[in-house]
Amino acid sequence: MTTVHHRYATVDGKQLFYREAGPADAPVLVLLHGFPTSSFMFRTLIPELAADYHVIAPDHLGFGYSDAPYAAEFDYTFDALTELSAGLLRELGVSRYAIYVQDYGAPIGWRLALADPSAITAIITQNGNAYDAGFVPSFWQGVWDYQREQNPETEAGIRGALSLEMTKWQYVTGVPDESVVSPDTWQHDFALLSRPGNDAVQLALFLDYATNSPMYPALHAYLREHRPPVLAVWGENDPIFGPDGARAFAGDVPDAEIHLLDGGHFLLESAGAEVTALIRDFLGRRVLKPTVSK
């Protein structure tokens, strides 16, 4: 049975939690979670991959079991979360790695790739958006309204995303059989979202999400120039990032491997076995063993 370690590291004075498994000298795979969850979303995937890969799954600051300083004490931006992620990887001696990105993990992963293109051995994007075509307007309109103007009305509209009802909605919408999704998922996430002060943390990140779309042209240029192996495995019924976001990768990486599965935003919860098989096949064919120094 694979042993998964639950560890903490201090980066720039902040304590970050991460899950780690697999041989220290194996190819590294970094799993970057989305909103509103944490590395908890990878709890079943990590053991499935750890026999062949050194898997690292951090909790972003403000999420999971990592520190969650108040928004008045820390400037929550995707740049800042990326710097902490990069610092954690340096602390662990990881210089080359593949990334699995989902939701918020995507803009963090894209920034890591742009900052050090040679570090990235492959990209797995599971409903991790990189194109304007991927936005589903019916979900994003409230976020866009808040980004355009912060007032009581727009704030009230976006605060709905922090509710238990909307947390559950993200997990079950688009899933063909909701009974396969454990209530542990949304209950776990909601409990952490409900910590005192965390609402302001999430509002800050909703606001800063406006910095991500303007970054896309640089990302697309990186994809065209460096041609990293890309696997897009996507819940095609995702009400947040639609399947056009997956298809768009082929425009910049012609040999991108794109798979649309019958599922929603958190595809691992309903199609974990299928996703795992696709990842193992993809990495087995297309990832070279990187250098890991400790």
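Which residue takes a positive phi in the hairpin of β1 and β2? I looked at the turn first. The hairpin has two residues between its strands, and Asp12 takes a positive phi near 50° there. The model is a predicted one, and I keep that in mind for every entry below.

**Entry 1: the hairpin strands.** I followed β1 (residues 5-11) into β2 (residues 14-21). The two strands run antiparallel and are joined by seven bridges. I picked one pair to look at: Ala9 stands opposite Leu16 in β2.

**Entry 2: the sheet.** I then traced the strand order. Eight strands make an open sheet, and the order reads β1-β2-β4-β3-β5-β6-β7-β8, with mixed pairing. β1 and β8 (257-261) are at the edges with a single partner strand each, so one side of each has no neighbour in the sheet. From one strand to the next, the twist averages 20°. I noted for reading the strands that side chains in a regular strand alternate between the two faces of the sheet.

Further along the order I checked β6 and β7 (residues 230-235). This pair is parallel and has three bridges. Within it, Ile124 has Leu231 of β7 as its bridge partner. I also looked at what packs here: α3 lies on the sheet and touches β3, β5 and β6, and its direction makes about 155° with that of β5.

**Entry 3: helix α3.** Is α3 mostly covered or mostly uncovered? I found it mostly covered, with nine of its eleven residues buried. Among the buried residues are Ile108, Trp110, Arg111 and Leu112. The elements that cover them include β3 (28-32), β5 (97-101) and β6 (120-125), along with α2, α9 (216-226) and α11 (249-252).

**Entry 4: the largest pocket.** I looked up the open spaces next. The largest pocket holds about 180 Å³ of space. Its lining has 13 residues, and Ala86, Arg90, Tyr97, Leu112 and Asp116 lie nearest the centre. Both α2 (78-91) and α3 (105-115) supply at least two lining residues. The largest share, five residues, is from α2. I sorted the lining by class and got seven nonpolar, two polar and four charged residues. Leu112 came up again here: it is one of the buried residues of α3.

**Entry 5: the cavities.** How many cavities of 30 Å³ or more does a search of the whole structure find? The search gives four. The largest has a volume of about 70 Å³. Its lining includes Phe35, Asp103, Phe139, Trp140, Gln170 and Phe241. Helix α4 (residues 137-148) gives the most to this lining, with three residues. By class, I have nine nonpolar, one polar and one charged residue around the largest cavity.

The second largest cavity has a volume of about 50 Å³. Among the residues that line it are Leu16, His60, Leu84 and Ser85. Here α2 provides the largest share of the lining, four residues. The classes are six nonpolar, two polar and one charged. Leu16 had already appeared in my first entry, opposite Ala9.

**Entry 6: Ser85.** I ended with one residue of that lining. Ser85 lies in helix α2. Is Ser85 buried or exposed? Its relative accessible area is 8%, and buried means under 20%, so Ser85 counts as buried. Leaving out residues up to four places away in sequence, Ser85 touches His60, Ile108 and Leu112. Of these contacts, His60 also lines the second largest cavity, while Ile108 and Leu112 belong to the buried residues of α3.

How values were computed. Residues numbered from 1 in each chain as written. Predicted model: local features only at pLDDT ≥ 70, side-chain atom pairs only at ≥ 80, totals over all residues. Heavy atoms only, no water. 1 Å grid on protein atoms, 1.4 Å probe; cavity = no way out; pocket = protein on both sides within 12 Å on 5 of 7 lines; lining within 4 Å. Points joined across faces, edges and corners; volume = space filled by probe spheres on them. Nonpolar A, V, L, I, M, F, W, Y, C, P; charged D, E, K, R; others polar. Buried < 20%, exposed > 50% of the residue type's maximum accessible area, 1.4 Å probe, protein only. Contact = heavy atoms within 4.5 Å. Pairing = 2+ DSSP bridges. Axes fitted to C-alpha atoms, helices over the stretch in contact; angles between N-to-C directions.
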